[in-house]
Amino acid sequence: MKNKKRGGSSAPKGPKKGKAFSLDDDPFFGAESKKRRKVELDEIESESDADVGSDGEGGGEEAEEEEEEAVVETADEKRNRLAHEFLENTRELLRRAKEDEDDDSGEEDVKEGEMDSLVGKMLQQQQLEDSGRARRAIASRVKKPEPTDELRILVKHRQPVTAVALSEVDLRGFSASKDGTILHWDVDSGKSEKYLWPSDAVLKSHGVKDPQGRAKKHSKHVLALAVSSDGRYLASGGLDRHVHLWDTRTREHILAFPGHRGPVSCLTFRQGSSELFSGSYDRTVKIWNVEDRAYINTLFGHQGEVLSIDCLRKERVLTVGHDRSMQLFKVPEESRLVFRAPASSLECCCFISNDEFLSGSDDGSVELWDMLRKKPVCIAKNAHPLLAAQKNAEPKDGDRIPNGHIENGNHTSESYDCSSTNSWVSSVAVCSGSDLAASGAGNGSVRLWAIKSESKVIQPLHNIPLVGFVNSLAFAKSGQFLVAGVGKEPRLGRWGLNPAARNGIAIYSLNLSSEDANTP
């Protein structure tokens, strides 16, 4: 009996021979709701009706769908098309420049061959500059300003300017102030156009959430601006905790990205892409895609408010916060590097190259950083001393001390004060792919710096007079001019006031000597 039971239980029960197994017999598929079956029947009936009318309208719709599918290009095809367009545009620009230099050009075949070699050399040089392996020597060509040279006010604002941004071609500029005014202006003429905020109903339809906390209405106080590499999008952020997206061609509001739980203090686009990074008082950095109008990810790590942010072509984000740290986020690797400030709070930062950074702190120092070291490789102390007579203090060769710090001139306690809020380094900027940098504070001048990567030193060059708090700086890509956003008050607060300052955009044309004069 035991053997019979054991044998009977060994073979699993299944369908009988000669009878096909159907899914309808399975109880799992038998529990389908009647509503779902009815929907499927309706779909089958509608498809059959479309097939019946294929000779009329149905056939035309199918043909249109086939044409649309044929037009859609793949990602590789789009990449290839954009590369060809970029090469054609580059050839055209070089061809025009060549024609301006020499009207009596050679034969067409030789000209085309020369043009291709020039395009190749230019692209190779640009790639080396972007990677940081080649750097334009601009700092050594900057001439000392004349006593009459100063930053002239190009565009006026009613309230202190909080942010400045330049387009990729250096023809247009963007600025924002504390009263929510966003201006779009021409670099040459200074003619400005205002961005108009839509109504509250339109803002809500664009994604703006209701005010949180004690706020009763939407705040238009702007703290940060960023423009995309193609010049199509402008992003703004402020006290309303949203990232706003604008169309630079029509100056209209497109969309608002909610998600931050604190004021949006800084913004930056990744070069050559549609990725946007935003830093906030909620201690996070968020990643957005402006083309897809989508949220991507959130980066954590700071223990204090994020104050400044910067990004190059690589997916690496540089930030500083009130936690006395500067952090480099490697987005694809999902990792980060933490750099600690010696004894001060960092206020601003920017990339020099993929491996070198520049920062400014609230004790009046400008720091040079290397990715391989957790502490600054060089510190320029008293970068913006508040002089009693607002005189420029030029450094001497013997003022370097052994630890790498630089004392900017022979100062006494009667002649300067670096503990004042006027000496806080509130903005730093680096001319793209070069060795020229600038820093701004509220001491009455903008200081130019030369970056010596070989010796890991930042060397002061010249002071450019400018009264007021320099809240934002931006270099032209060509290195021909410098733009500063200045105001009577600091960018992030009202703890300082300079009644003699003028709120607006100041521009300074750099006097550069010819490259041949610096070659040995």
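Welcome to this structure, and let us start with one contact: Asp 247 and Arg 249 form a salt bridge, with their closest N and O atoms 3.3 Å apart. The two partners sit in contrasting surroundings, since Asp 247 counts as buried at 13% relative accessibility, whereas Arg 249 is exposed with a relative accessible area of 55%. Please keep in mind that this is a predicted model. The points below go through the salt bridges, then the overall make-up, one sheet and the aromatic rings.

**Salt bridges**

- The structure holds ten salt bridges, and the one between Asp 247 and Arg 249 is among them.
- Another salt bridge joins Asp 370 to Lys 456, and here the closest N and O atoms are 3.0 Å apart.
- Asp 370 belongs to strand E20 (residues 366–370), while Lys 456 is found in the loop between strand E25 (445–452) and strand E26 (457–465), so this pair ties together parts that are 86 residues apart in sequence.
- Asp 370 is buried, with a relative accessible area of 10%, and Lys 456 counts as partly exposed at 30% relative accessibility.
- Arg 494 and Glu 489 also meet through their side chains in a salt bridge, at 3.2 Å from N to O.
- Is each of these partners buried or exposed? Arg 494 is exposed, with a relative accessible area of 69%, and Glu 489 is buried, with a relative accessible area of 11%.
- Lys 178 comes in here too: salt bridges with shared partners join Lys 178, Glu 489 and Arg 494 into one network.

**The protein as a whole**

- The protein contains eight helices and 29 strands.
- Of its 520 residues, 47% are buried.
- Among contacts with a separation of 6 or more, 51% are between residues 24 or more positions apart.
- About 28,900 Å² of the protein is exposed, and carbon and sulfur atoms supply 49% of that area.

**A sheet of four strands**

- Four strands form an open sheet in the order E14-E15-E16-E17, and their pairing is antiparallel.
- Which strands stand at the edges of this sheet? They are strand E14 (306–311) and strand E17 (335–340); each has a single partner strand, so one side of each is left without a neighbour in the sheet.
- From one strand to the next, the twist averages 20°.
- E14 pairs with strand E15 (residues 316–321) in the antiparallel sense, over five bridges.
- Cys 311 stands opposite Val 317 in E15.

**Aromatic rings**

- Eight aromatic pairs turn up in a search of the whole structure.
- One of these aromatic pairs is made by Phe 339 and Trp 369, which are arranged edge-to-face at 6.0 Å centre to centre, with 75° between the planes.
- Phe 339 lies in strand E17 and Trp 369 in strand E20, so to speak a link between distant parts of the chain, 30 residues apart.
- Both members of that pair, Phe 339 and Trp 369, are buried.
- Phe 351 and Phe 357 make an edge-to-face aromatic pair as well, with 5.5 Å from centre to centre and 75° between the planes.
- Phe 351 is buried, and Phe 357 is buried too.
- Which residues make up the aromatic cluster? Phe 339, Phe 351, Phe 357 and Trp 369 form one cluster together.

Definitions and conventions
Residues are numbered from 1 along each chain as its sequence is written. This is a predicted model: local features need pLDDT of at least 70, side-chain atom pairs count only at pLDDT 80 or more; totals for chains, interfaces and linings use all residues. Side-chain values use heavy atoms; hydrogens and water are left out. Helices (H or I, at least four residues) and strands (E, at least two) are DSSP runs, numbered from the N terminus. Buried means under 20% relative accessible area, exposed over 50%, partly exposed in between (1.4 Å probe, protein chains only). Contact means heavy atoms within 4.5 Å. Accessible areas come from the Shrake-Rupley method with a 1.4 Å probe; for residues, only the protein chains shown count as cover. Two strands pair if DSSP finds at least two bridges between them. Axes are lines fitted to C-alpha atoms, for helices over the stretch in contact, and angles run from 0 to 180 degrees between N-to-C directions. A salt bridge is a side-chain nitrogen of Lys or Arg within 4 Å of a carboxyl oxygen of Asp or Glu. Rings of Phe, Tyr and Trp (its six-membered ring) pair if their centres lie within 6.5 Å; planes under 30 degrees apart count as stacked, over 60 as edge-to-face and the rest as tilted.
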